[in-house]
Amino acid sequence: MATYEEAIDLIYGRFRTAWNAQATAIAGYLPEVKYEGVEDDKNASQSKIWARVSTRGVIGRQATLGTPQVGKHEYETVGLVTVQIFLPKKDATAITKGRRLAQVAQNAYRSIAAGDEVWFRDATIKEQPPETSWYQINVTAEYNFMETV
């Protein structure tokens with residue numbers, strides 16, 4: 001059983017571990033990662049790859065009528081983790097690097113449990129229409145975890 005805060009830490013931790021281990025070999029440097037709740041750097045470089053990771057709860061439901069602990073119930077939370085990878089159009093190899101980085105993010109959430117507390121499924125890569133300065137590739141995965149309250 002995980003608390004909400006513990007689950008989010010595990011979700012972000014799965015990505016951070018994979019990204020830190022593999023992204024430098026793909027991009028030639030470690031691309032910056034921005035997480036929810038951390039102020040954006042308004043002066044961030046538009047010539048480097050970067051990523052944003054966020055979570056969104058989708059469903060919270062009671063999963064049991066009771067537990068071995070009197071007066072407590074188990075609740076299941078289901079949500080989506082999204083990794084957005086931004087690739088500068090100035091870089092002729094950006095889209096190739098982005099696809100490889102998207103695979104890193106996807107593999108971080110494929111058929112994996114984080115600490116036996118959070119389960120992931122349906123990790124999917126979705127290329128987005130290009131913007132003026134950026135290519136964007138999103139990776140989404142469904143997660144779920146149980147908590148006792």
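**Aromatic contacts around Trp50 and the E5–E6 hairpin**

In the predicted model, Lys34 is placed over the face of Trp50, at a distance of 4.3 Å from the ring centre. A second contact of this kind involves Lys89, whose charged end sits over the ring of Tyr135, 5.6 Å from the centre of that ring.

Trp50 also takes part in contacts between rings, and the structure as a whole holds 7 aromatic pairs. Among them is the pair of Trp50 with Phe86, which is stacked, with 4.2 Å from centre to centre and 15° between the planes. This pair links distant parts of the chain, Trp50 lying in strand E2 (residues 50–62) and Phe86 in strand E3 (residues 74–88), 36 residues apart. Both Trp50 and Phe86 are buried. Trp50 further pairs with Trp134 in an edge-to-face arrangement, for which the centres are 6.2 Å apart and the angle between the planes is 85°. Here too distant parts of the chain are linked, since Trp50 belongs to strand E2 and Trp134 to strand E6, with 84 residues separating them. Trp134, like Trp50, is buried, and the ring pairs join Trp50, Phe86 and Trp134 into a cluster.

Strand E6, which comprises residues 134–148, runs antiparallel to strand E5 (residues 118–127), and the two strands are joined by 8 bridges. Within this pairing, Val118 has Phe145 of E6 as its bridge partner. E5 and E6 together form a hairpin, with 6 residues between the two strands.

Conventions
Residues numbered from 1 in each chain as written. Predicted model: local features only at pLDDT ≥ 70, side-chain atom pairs only at ≥ 80, totals over all residues. Heavy atoms only, no water. Pairing = 2+ DSSP bridges. Helix = DSSP H or I, 4+ residues; strand = E, 2+ residues; numbered from the N terminus. Phe/Tyr/Trp six-rings, centres within 6.5 Å; stacked < 30°, edge-to-face > 60°. Buried < 20%, exposed > 50% of the residue type's maximum accessible area, 1.4 Å probe, protein only. Lys NZ or Arg CZ within 6 Å of the ring centre and 35° of its normal.
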